Amino acid sequence: LRTMAAARRLMTARVALACSMAVLLAWAPGASGLAREGLARVPRAHVSMAPKKGKGKSGSMAEKDQRQAKQAGAQRSFEAEAASKFMFTMQRLTKKLPDGSRTLLKDINLCFYPGAKIGVVGLNGSGKSTLLKIMAGVDTEFDGTAKPMEGVSIGYLAQEPELTGATVAECMAHAMTDGQKLLDRFTELSARLSEPMGDAEMQKILDETARVQDQIEAGNLWEIDRVMERAMEALRCPPAEAVTAVLSGGEKRRVALAALLIQGHDMLLLDEPTNHLDLEACVWLEQHLATYPKCLLVVSHSQDFLNAVCTHTVRLHAQTLTYYGGNYNMFCTVLADEERVLCKAYEKQQTDVEKLETFVRVNKANGVASSAKSKQKVLDKILDGSLTKPQLREPTLRFTFPAASRLAPPVLPFDGVAFSYSGKPEEYLYEKLNLAVDCDSRIALVGPNGCGKSTLLKTIAGVERADGGLVETSRGARILYVEQEPPLRGTTIREAVYTGIEPDPSSVADTALRAAHAYHVATQNADIDPDGFMAAADAAADCWDHDARVRTICDVLGLSAIFEKDVASCSGGERKRAGLAAALARQPDALLLDEPTNHLDGRAVQWLVQLLTTPASNREAPAVLCVSHDRFFLEQVCGDGLLELDRGGLHKYDWRGRYGRYLELKDERLGSEKGVADRARTVLRKEREWMAKQPQARQAKSMARQDRYFKLEDAAAAGGPADGAALTGLAGMQRLGSKVLELKAVTLIPGTNAAEQTDGTAWDGEGMKPRKALEPVVKDFTFTLLPRARWGVVGPNGAGKTTLLRAIAGQVEALKGERIVGDTVRIGYYDQRGLEGVAEQAAKDSLASGSGRVAHDPMSLRVLAFVQRQVEDARGEGLGPEGGGAIAELDSGGGSGEGAGG
């Protein structure tokens, strides 16, 4: 009895902790020791208190009034504390469906500290998305309180977001509106500070400037353009000019996510943020959110994503929220321990109850009423506070594929296939692809968004027609393709699952499912058409095994409760699950899955993994070719191989179900490809040098060498060198000495001429008045460039990279310090203007210093003529009489015959 009482107290305390205490999910400086553990007490007003027995009526009323006054005071104190300390507060939050048929949330009490990163987990339909909508202010039909701290900005990403703007660029501009207003206001205030004003007004402007600057720094708005570019590139967003009305659901989602990340909200609410992202984009998003300094609440079924981002986990189950410290793996461990303890306590209680009931029954029969009566009182107390049977997370449904027909390998031969949306060879998305999938193959297909993964699956399935090559399927093979957004036939979910796929008379499963559905329809009209009902029952006599399998699949995927829901009103997740159920129920020989884990909860994902990998069913499971961003799913299911579609080519990796090994193999491949490309460019450069040095007297040999050069150029453009590309006998680089260039304690400021670098003062164009002193971009910089050294210069926009290069090239003088160039060193500087800058510099170099005459260097004349010709060709002008005159004029300045000929 003591053990049962202890277990009952433990369970009661657990329920009270989950339902009647505010859950604080991150530590904040200044919080109490209890808050640092992740919990904060709710005032006594949140716990119902029954009056004690044995008191008089007047005493009970007085105590009740005192309790109510005390509770009201505690409530006011808690609200004041919540308003100043917590990012978001929910008290007694209850949410029911509009028709009142079901309660999603009941008496939720939840508070968040700044900086909390919480993952929300639960089964499909438990109310996770509804919770985020309430917090975002989208759903206002609820009981209780749900409000953020005053002044807190909340950003919300819905599962199916709506974009504001006709193009992607307009969406991004709209997202940057608030941030741009702050930047404009800061610029305006900074300009006003230079105007004459009184001390009071000056102080007022300084205070506002400080507030605006704090807001800008809090939102990292100084680098808002760079953050936007990085987010759009990492998430593979469509081009800026793309029209939002024609974007797919995945493209809209990526644009909405990128816009949300640059807005600098104090709290982010993300509903399935990894849907429609490729693997690289998911990894970038994980890294970005892991270092996100503000509050984050994310609903996701991706275990890897939750483990990488979240520091706390909240489970939404049976209308209540339960808090767990740690990421998703820690949550699973703790929950498994809790379930094991509760199961043991429940079993012990049931055993004791059975013993007490037997004792009472036996003693009553033997006439020992006093003993039976006392034990009955004990039994009644136990039953009043008895534990309910724990609901375990492990799926109790078991499902295996029937034995698949043995087919001659490969099931999916794919030889030399090419595809383009326009059908034009120059616009091929990929070409010369070769692929073979056997009966027992389970292969992952990855690649960046837009590379053609979904198109490749559609080509294999026959939805798209290849523009070249051979696409066949093994004779008699049943291949089913589940799209990201499957089109469903039928008016209800039931009809879509049973009959929503194209009829296949050769498939026993498909025929049986259609007969079973006809029977279900006839049952509803049995009174009106009894003959039709009997005919349908006879046709469906041997279909019940298939019908039971469909019901098992739909139960696991969360479709049983919405069997009669209209397809037109279904969400994208419900449509995806219905399409997956329809495909799995038809016992295919091969499955082509496009993002199968999107919109599936953790239990359904685990079930699907078990279905495709357990030894009991693995021998009979179909072949799988899967596109997915879920690393956990790919590692568990697709251990046979991984294919990467990259730049029109298909690369196979023996990754052995480990993502880290795939990255290592990919790095080796890219390194090898880079070596081949570098060797091709080296050969090409040497051929150019040889062509430039050949005299006209060796015309025949020169022409042969030029033909070889053009072949090399074609080979380099194709990605590799031509056969036998090695060259010998070319002259090496001249001796440069031990140092090419040296900078000693150089200080540079932004400027366009030597005068600005001389005293550090910028001059305006009106009266040459000084504007303000410029801050150095390079200060006391010492650097030595050795022969054959290769250095890269990186830094944010405006850091002074171009100024540094111009100073090294000698175009800008240093404010202080020394620049030393080797005696035999010639420096070539290619600026941002491209060919125009090269032509301008060549013209300057061709003039004798200070004389205004044309230099006599034949090489300079050849370079100048070549560059001018290239500039004019690029402009579409060509060399006409004017061009020839310019060359002749240069030649008349004293150039030799050899120079003119060149």
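In which strand does D107 lie? D107 lies in strand β4, which spans residues 103–112. The legends below describe close-up views of a predicted model.

**Figure 1. Backbone of D107 in strand β4.** The phi of D107 is positive, at about 50°, although the residue is not a glycine. Most residues other than glycine have a negative phi. D107 has a relative accessibility of 30% and counts as partly exposed.

**Figure 2. Backbone of Q319 in the loop between β10 and β11.** Strand β10 covers residues 312–317 and strand β11 covers 320–325, with Q319 in the loop between them. Q319 is not a glycine, yet its phi is positive, at about 75°. The relative accessible area of Q319 is 29%, and the residue is partly exposed.

**Figure 3. Helix α6 and its buried face.** Helix α6 runs over residues 177–192 and has 16 residues. From its first C-alpha to its last, α6 reaches 22 Å, close to the 22 Å expected at 1.5 Å a residue. The buried residues in α6 are G179, L183, F186 and L189. Viewed along the axis of α6, the buried residues fall within an arc of 125°, so they line one face of the helix. An α-helix has 3.6 residues a turn, so residues three or four places apart point the same way. K181 and T187 are exposed on the other side of α6. The cover over the buried residues of α6 includes α7 (199–218) and α8 (224–234).

**Figure 4. V334 in helix α12, shown with Y324.** Helix α12 comprises residues 328–366, and V334 is found in it. V334 is partly exposed, at 30% relative accessibility. V334 and Y324 are ten residues apart along the chain, and their C-alpha atoms are separated by 7.9 Å.

**Figure 5. Salt bridge between R494 and E564.** A search of the whole structure finds 17 salt bridges; one of them is shown here, with the closest N and O atoms of R494 and E564 2.9 Å apart. R494 lies in helix α15 (residues 493–499), while E564 lies in the loop between α18 (544–556) and α19 (572–584), so the pair ties together parts that are 70 residues apart in sequence. With a relative accessibility of 14%, R494 counts as buried because buried means under 20%. E564, by contrast, is partly exposed, at a relative accessible area of 48%. Side chains of opposite charge can pair when their charged atoms come close.

**Figure 6. Salt bridge between R586 and D510.** The closest N and O atoms of R586 and D510 are 2.8 Å apart. R586 is placed in the loop between α19 and β17 (590–594), and D510 in helix α16 (residues 508–524), so the pair ties together parts that are 76 residues apart in sequence. R586 and D510 are both buried.

**Figure 7. Salt bridge between K666 and E644, with its network.** The side chains of K666 and E644 meet at 2.9 Å, N to O. K666 is in helix α23 (residues 659–693) and E644 is in strand β19 (residues 641–646); the pair links distant parts of the chain, 22 residues apart. K666 and E644 are both buried. Salt bridges that share partners join E644, D646, K666 and R669 into one network.

**Figure 8. The open sheet β24-β21-β25 and helix α26.** Three strands form the open sheet in the order β24-β21-β25, with antiparallel pairing. Strands β24 (778–785) and β25 (816–821) are the edge strands, and each pairs on one side only. From one strand to the next, the twist averages 15°. Strand β21 (residues 741–748) pairs with β25 in the antiparallel sense over five bridges. L741 stands opposite V821 in β25. Helix α26 (residues 801–809) lies across β21, β24 and β25 and runs at about 130° to β21.

Note on methods. Residues are numbered from 1 along each chain as its sequence is written. This is a predicted model: local features need pLDDT of at least 70, side-chain atom pairs count only at pLDDT 80 or more; totals for chains, interfaces and linings use all residues. Side-chain values use heavy atoms; hydrogens and water are left out. Helices (H or I, at least four residues) and strands (E, at least two) are DSSP runs, numbered from the N terminus. The expected span of a helix is 1.5 Å times one less than its number of residues. Buried means under 20% relative accessible area, exposed over 50%, partly exposed in between (1.4 Å probe, protein chains only). The arc is that of the directions from the helix axis to the C-beta atoms. Contact means heavy atoms within 4.5 Å. Two strands pair if DSSP finds at least two bridges between them. Axes are lines fitted to C-alpha atoms, for helices over the stretch in contact, and angles run from 0 to 180 degrees between N-to-C directions. A salt bridge is a side-chain nitrogen of Lys or Arg within 4 Å of a carboxyl oxygen of Asp or Glu.
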